[in-house]
Structures are given as C-alpha cells and as structure tokens.
Amino acid sequence: MPGFTYEQSMLTCDGVPLATLAEAVGTPCYVYSGATIRSRVADLAAAFAPVPHQLHYALKANSTLAIVRLLRSLGCEADANSGGEIEVALRAGFIPDQIVFTGVGKSRDELERAVTLGLKAINAESAGELERIAAIAEAQSTRARVALRVNPDIDARSHPHISTGLKRNKFGVALETAVPLLTAMAERPGLEIVGIHAHIGSQITTIEPLARAARALAEIARALVGAGLPLQHIDVGGGVGIDYEGTGAVVDVAEYARAVIEATRPLGLSLILEPGRSLVGPAGVLVATVVDVKEHPGGRRFVVLDAGMTELLRPALYGAYHRIVPLAAGGRPPVLCDVVGPVCESSDTFGVDRELPDPRVGDRVAVLDTGAYGAVMASTYNRRPIPPEVLVDEGAWRVVRRRMSVDDMLMAEA
Ligand SMILES: *Cc1c(COP(=O)(O)O)cnc(C)c1O
C-alpha cells in the first residue's frame, strides 16, 4: 500500500511498519514515502499535460539530497530560493538551465553566481534588482535570463505569515509597473526578459486566488508581448495546499490545472510551476516517542515527546495543525491530551486536546504531513541534534541523512 496506512493495526509507510524503522534508526526521525511523491508528481504532470509546461520543484519545502534527486528522476526541474539551494540543486544533478532562482533579497554574491552559471531564469523582485543583474551581466559580457515577479494584490486566504501576494507583502513589483519597467529594461544588453512570475502564498486551499493570479499574469504577458517583448514563459509559482486536517477537502489538481490553463493558454507561452508542499508534504511523517506523561491536578494531561519545535517548527511558528496518530492502533481507549515537545518554550506544543489511546511512556506516535517545511526548518536549539531521515522507495528503505552527532554539531566551531 502506498503512503501511510494501518496494516494489522500497525502504521506503515509504503508497506514498511514505522515501528521497524523507529527501532532501526531511533526517534525522533523523519520518514518519507517515495510512492506518495511519485504519485503526486504524476498527478500534477498529467493535469498540465495538455499544455507545454515544466514543474520546478521548490527545494525550500524539502531539500534533502535524496528527495531532490528523486524529484529530478521524475522529470522535475528546480526552483531555488537562495544561493545555498542553487548549490544543492547542482549537487543533486540539475544543470543551470533547469534552475529558476527566486528570493526577495538576493545578495550580490548570489546574483553574481546566478549570472555566471546562466540559470534558466532569475525571478527578479524589483527594479533595483533588475538593474543589479543587468550590471553584473554586462560586466561579464553576458546576458542574464530574467523573469519579473509581480505582486498581483490577491488575497491567498492562507495564513498571513505565508501569504505573499498582497500589496502590503514584501514580494514582487506592483502589477501596473511591470510593463513600463520591463519595456525599459529590455533595452539593457545584459538582460534577456524571458518571463513573468507570481507566487501569492503557500497552503492555498481554494482555487479562486490561484486562478485570479494566473489571469493577472496572462493579462500582463499579453501586454508585454503586445509591446514587442517576446516572452517565453509564464511562471505561476507554487502554493497549492494540502489536507492537514484529513477531511478530504483540498484543491483538486485537475481543477487547478484547468483554471490555470484556461487563463494562460491563448498566449501560447509555456508554463512554469513551482510546487513544493503539494508534492512532498503528505509524503512525510515525523516519528516520535513519548518520554513523559503527566497530569496537572484538575487540569491537563500532557504527553511529552522526544520531538518538538526543533524538529517541526510549523505549530509554534504559525499555529499550524498536524494530525498526530499512534504507530500501534487499537488497544487502549482514547483520552484527551496536549501533545508537547521537550523544548523549554511554551509554544513547543504540537496539539491541544488531541485524542490518543491512553498514552504511556515508550509509546510511539507519528506527526503526519511533515514532508514539507519539516526537516528543512529543523534547528539545533537546545543543542538538539538534527534527526535522521529515512526514504522508503521501490520496496526498500534507507537512511538518506544520518542523525547529527555532537561532532557534526560542533564541526564549524573553533
Ligand atoms: C515557497 C515558494 C514556492 C513553493 O510553495 P509551496 O506552497 O510549497 O508550493 C514556490 N515558489 C516560490 C517563489 C516560493 O517562495
């Protein structure tokens, strides 16, 4: 069975019991389902098959080399959000012509590296950045391929911390400035204007904002082509949400694709998509062990795990909801508890008033949908080592990142 399912009351990943993996590598650990990633990529690619398109996996969501290599083997290209992600993409085997580079604050060094490499596109965030890219490229007697990130002033109706497409957000340039800016910049010998880009936020759970952004991009692209700028692509960004609640109510990728295709098809330009969360989020879990159970008199029952905000920051950072389930189902009756981490912060809480089968010390649980923005946000706060990551794929499992040792942790220190 692909994904995370119970078989004989044991939670499994692509058929492998998570208890077996936890036993082998210890907890906390992250476990990924290769089959889930494969099917998510296949579904998205199939939905966009009617038009020329390319999926550029957003490394930001999970940039563990084995995961990036798997996505590359499935035909994805790369979206890098920093110089570090560009280097990881290269080491995972992508060539510069397969990498787009986004980021609201690209440093001089990052831009120089991007221009020297000759990336597929640098998604420029401002007039100033276009100017800097042009100057760097001209000094190297080369031309940098750039796309302009616009801010379509659309409410993604996601969490305010991960909404990026409103005027008050720091991302992109205002829609109405795109055409005059690009028309002027097209004169620069160092620039080749190849596309127009938007990314209005993450964990977007309705199609309407995504469709509106696609329509806004199409409108600008039309104006630019009309003004004599031969664009090559429209980059609609990422942002498709996943079903953290497990209610089944999520963006239907076929419907999403239909809306984007309808908006952009008349232009005949190829599409770039930058999916992150939707490809890898549901493909990962964080496995943890109960290290303490305590009841405050007349108060709450706390279940303390050996994993916390250092391994999964989203609940502390955005109040994000993740389902928490036992590795062994059935048995004891369910009780209400607060599931918390070991870190010395009250925000280090994974869930309040959750039902778990009367937890005892030594029980194991899985925090679901942690494949995106999980391991990548891990920190060594409290000097906690970064946990190992296990990939189950094609009938076998392997450790794709070993647990950080104390020596690893101190490696860069004098
Ligand atoms: C974060 C990000 C993505 C990926 O977003 P998801 O919500 O994970 O799909 C894509 N493009 C850009 C520019 C981003 O910043």
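The exercises below concern a predicted model of a protein with a bound ligand.

**Exercise 1. The ligand site**

Task: Determine which residues are closest to the ligand and how the residues of the shell divide by type.

Solution:
- Step 1. The ligand is surrounded by 15 residues, and the closest are K60, S202, E274, R277 and Y373.
- Step 2. Sorted by type, the shell around the ligand holds three nonpolar, eight polar and four charged residues.
- Step 3. As for the pockets, the ligand takes up the space of the largest one.

**Exercise 2. Polar contacts of the ligand**

Task: Find what distances separate the ligand from polar side-chain atoms of H199 and S202, and from an N or O atom in the side chain of K60.

Solution:
- Step 1. The cut-off for a polar contact is a pair of N or O atoms within 3.5 Å.
- Step 2. For S202, a polar side-chain atom is 2.3 Å from an oxygen atom of the ligand.
- Step 3. In K60, an N or O atom of the side chain lies 2.6 Å from an oxygen atom of the ligand.
- Step 4. For H199, the partner is a nitrogen atom of the ligand, and the distance from a polar side-chain atom is 3.5 Å.
- Step 5. On its own the ligand has 390 Å² of accessible area, of which the protein covers 96%.

**Exercise 3. Q54**

Task: Decide whether Q54 is buried or exposed, and state what its side chain reaches.

Solution:
- Step 1. Q54 belongs to strand β5, residues 53–58.
- Step 2. Buried means under 20% relative accessible area.
- Step 3. Q54 counts as buried because its relative accessibility is 19%.
- Step 4. The Q54 side chain reaches the backbone oxygen of G75, at a distance of 2.9 Å.

**Exercise 4. The peptide bond between T27 and P28**

Task: Establish what kind of peptide bond joins T27 and P28, and where T27 is found.

Solution:
- Step 1. T27 is found in the loop between α1 (18–25) and β4 (29–33), and P28 lies in the loop between α1 and β4.
- Step 2. Omega is about -5° for the bond joining T27 and P28, a cis peptide bond.
- Step 3. T27 has a relative accessible area of 19% and is therefore buried.
- Step 4. Along the chain T27 and V287 are 260 residues apart, while their C-alpha atoms are separated by 6.3 Å.

**Exercise 5. Backbone angles of D14 and D369**

Task: State what values phi takes in D14 and D369, and where each residue lies.

Solution:
- Step 1. Most residues other than glycine have a negative phi.
- Step 2. D14, in the loop between β2 (10–13) and β3 (16–17), has a positive phi near 50°.
- Step 3. D369, in the loop between β19 (364–367) and β20 (389–393), has a positive phi near 60°.
- Step 4. D369 is buried because its relative accessible area is 8%.

Terms used
Residues numbered from 1 in each chain as written. Predicted model: local features only at pLDDT ≥ 70, side-chain atom pairs only at ≥ 80, totals over all residues. Heavy atoms only, no water. Near = heavy atom within 4 Å. Polar contact = N/O pair within 3.5 Å; in protein donor to acceptor, adjacent residues only side chain to side chain. Areas by Shrake-Rupley, 256 points an atom, 1.4 Å probe, with all protein chains shown as cover. 1 Å grid on protein atoms, 1.4 Å probe; cavity = no way out; pocket = protein on both sides within 12 Å on 5 of 7 lines; lining within 4 Å. Sits in = over half its atoms within 2 Å of the grid points. Nonpolar A, V, L, I, M, F, W, Y, C, P; charged D, E, K, R; others polar. Helix = DSSP H or I, 4+ residues; strand = E, 2+ residues; numbered from the N terminus. Buried < 20%, exposed > 50% of the residue type's maximum accessible area, 1.4 Å probe, protein only.
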